Amino acid sequence: MAIESMTGFARAAGTTGAHAFAWEVRSVNGRGLDVRVRVPPGFESLSEAARKQFSAAFARGTLHVSLAITSEASAPRPRINQEALAALIEAASQVKLPGGIAPATLDGLLAIRGVVELSDESGDALSELDEPVLAALAETIAALKQARLAEGRALEAIISGHLDSIARLTVEAEGHPGRSVEAIRARLAGQVAALLEASTALEPQRLHQEAALLAVKADIREEIDRLHAHVAALRELLAQGGPIGRKLDFLAQEFGREASTLCAKAGDPGLSRIGLELRTTVDQLREQVQNVE
């Protein structure tokens with residue numbers, strides 16, 4: 001299964017009768033899945049359908065979905081409800097008005113709700129939009145899926161390149177002469193000798209004990225082993241594919257911790273250089289995995 005990016009764009013449009021419609025969706029990074037749908041008034045049922053279908057198709061990302069509908073149908077025509085108007089006239093004629101109150105006029109009666117109705121001849125045509133609009137929605141989801149997959153393939157190539165660099169730097173650190181027992185012993189022996197020469201109050205035996213503890217702490221064997229394990233785990237995740245973005249981000253954080261510890265322990269300029277390059281590569285890796293679904 002391939003990996004997907006969380007960014008992409010898709011559009012699908014169509015026409016039916018006097019109406020034209022178009023779905024558009026923009027997908028960007030998100031911690032979870034957030035589907036935001038905008039539809040014209042009267043199409044709220046399509047909004048809920050769109051939200052459900054996008055939620056079923058994607059696991060992460062913020063999706064901005066919009067539906068636009070335009071119509072060339074004639075404007076609604078007013079129609080007088082003759083029965084309602086006649087009933088109002090009859091009722092008004094039976095009212096005894098006090099002095100100074102004018103009887104009801106036609107324009108006043110027409111202003112009463114329900115007397116004048118708008119005859120919308122396009123109502124049936126609008127109801128016929130549901131099926132083609134839903135079909136276009138399916139096309140939009142499929143197109144967004146392909147766009148995110150295409151960018152996912154590009155991301156996978158970049159992530160694999162960073163991973164290869166991390167693996168190479170780990171091997172370099174593992175085989176560097178500066179991490180050998182002899183090299184660490186020589187560095188510490190030089191530091192102990194310098195301290196003894198600077199002050200006669202220091203106890204040589206105590207200094208050698210502290211040096212032995214520092215030698216143990218300076219060993220980066222555990223960091224190297226964990227880096228190898230993280231490289232293998234990340235390669236396995238890439239091969240697995242699917243919505244693995246959160247796992248990739250966790251591993252990237254673990255890479256960062258090991259690289260920082262390696263830098264802190266490195267007492268050799270060559271090892272420090274490798275550690276700094278490793279941290280830079282890990283930062284680049286983490287920037288990319290944050291785009292993965």
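Where is Val95 found? Val95 sits in the loop between helix H2 (82-93) and helix H3 (106-110). The close-up views below come from a predicted model.

**View 1. A nonpolar patch on the surface includes Val95.** Three residues make this patch: Val95, Leu97 and Ile101. The patch covers about 260 Å². Val95 is partly exposed, because its relative accessible area is 48% and the range for buried ends under 20% while exposed begins over 50%.

**View 2. Helices build the largest nonpolar core.** This core has 30 residues. Ile159, Ile166, Leu234, Leu248, Phe255, Leu285 and Val292 have the most contacts inside it. The elements that give two or more residues to the core are helix H5 (130-175), helix H8 (221-240), helix H9 (245-265) and helix H10 (269-289). H5 gives the most, with seven residues.

**View 3. Phe255 touches residues from distant points in the sequence.** Residues up to four places away are not counted here. Phe255 touches Leu163 and Ile166. It also touches Leu227, His230, Val231 and Leu234. Val282 and Leu285 complete the list of its partners. Apart from this core lies another, of 21 residues. Ala10, Val25, Val35 and Leu63 are among them.

**View 4. Val35 is a buried residue of strand S3.** Strand S3 spans residues 33-38. The relative accessibility of Val35 is 11%, so Val35 counts as buried. Leaving aside neighbours within four places in sequence, Val35 is in contact with Arg51, Phe54, Ser55, Leu63 and Val65. Val25 lies ten residues from Val35 in sequence. In space, the two are 9.8 Å apart, C-alpha to C-alpha.

**View 5. Phe54 and Phe58 form a stacked pair.** The count of aromatic pairs comes to one. The ring centres of Phe54 and Phe58 are 6.2 Å apart. Their planes meet at 20°, so the pair is stacked. Phe54 is buried, with a relative accessible area of 0%. Phe58 counts as buried too, at 4% relative accessibility.

**View 6. A salt bridge joins helix H5 to helix H10.** The whole structure has 19 salt bridges. In one of them, the side chains of Arg168 and Glu277 meet at 3.6 Å, N to O. The pair links distant parts of the chain, 109 residues apart. Arg168 lies in helix H5 and Glu277 in helix H10. Arg168 counts as partly exposed, at 39% relative accessibility. Glu277 is also partly exposed, with a relative accessible area of 31%.

**View 7. Arg226 forms salt bridges with Glu222 and with Glu223.** For Glu222, the closest N and O atoms are 3.7 Å apart. For Glu223, the closest N and O atoms are 3.5 Å apart. Arg226 and Glu222 are four residues apart in helix H8, so about one helical turn separates them. Arg226 and Glu223 are three residues apart in helix H8, so they too are separated by about one helical turn. Glu222 counts as exposed, at 52% relative accessibility. Arg226 counts as partly exposed, at 32%.

**View 8. Glu223 is buried within a network of salt bridges.** Glu223 is found in helix H8. Its relative accessible area is 3%. Leaving aside neighbours within four places in sequence, Glu223 is in contact with Glu258, Thr261, Leu262 and Lys265. The network links Glu222, Glu223, Arg226, Glu258 and Lys265.

Methods
Residues numbered from 1 in each chain as written. Predicted model: local features only at pLDDT ≥ 70, side-chain atom pairs only at ≥ 80, totals over all residues. Heavy atoms only, no water. Core = buried A, V, L, I, M, F, W, Y, C linked by side-chain atoms within 4.5 Å. Buried < 20%, exposed > 50% of the residue type's maximum accessible area, 1.4 Å probe, protein only. Contact = heavy atoms within 4.5 Å. Phe/Tyr/Trp six-rings, centres within 6.5 Å; stacked < 30°, edge-to-face > 60°. Patch = residues over 30% accessible without salt bridge, like charges linked within 9 Å, V, L, I, M, F, W, Y side chains within 5 Å. Areas by Shrake-Rupley, 256 points an atom, 1.4 Å probe, with all protein chains shown as cover. Salt bridge = Lys/Arg side-chain N within 4 Å of Asp/Glu carboxyl O.
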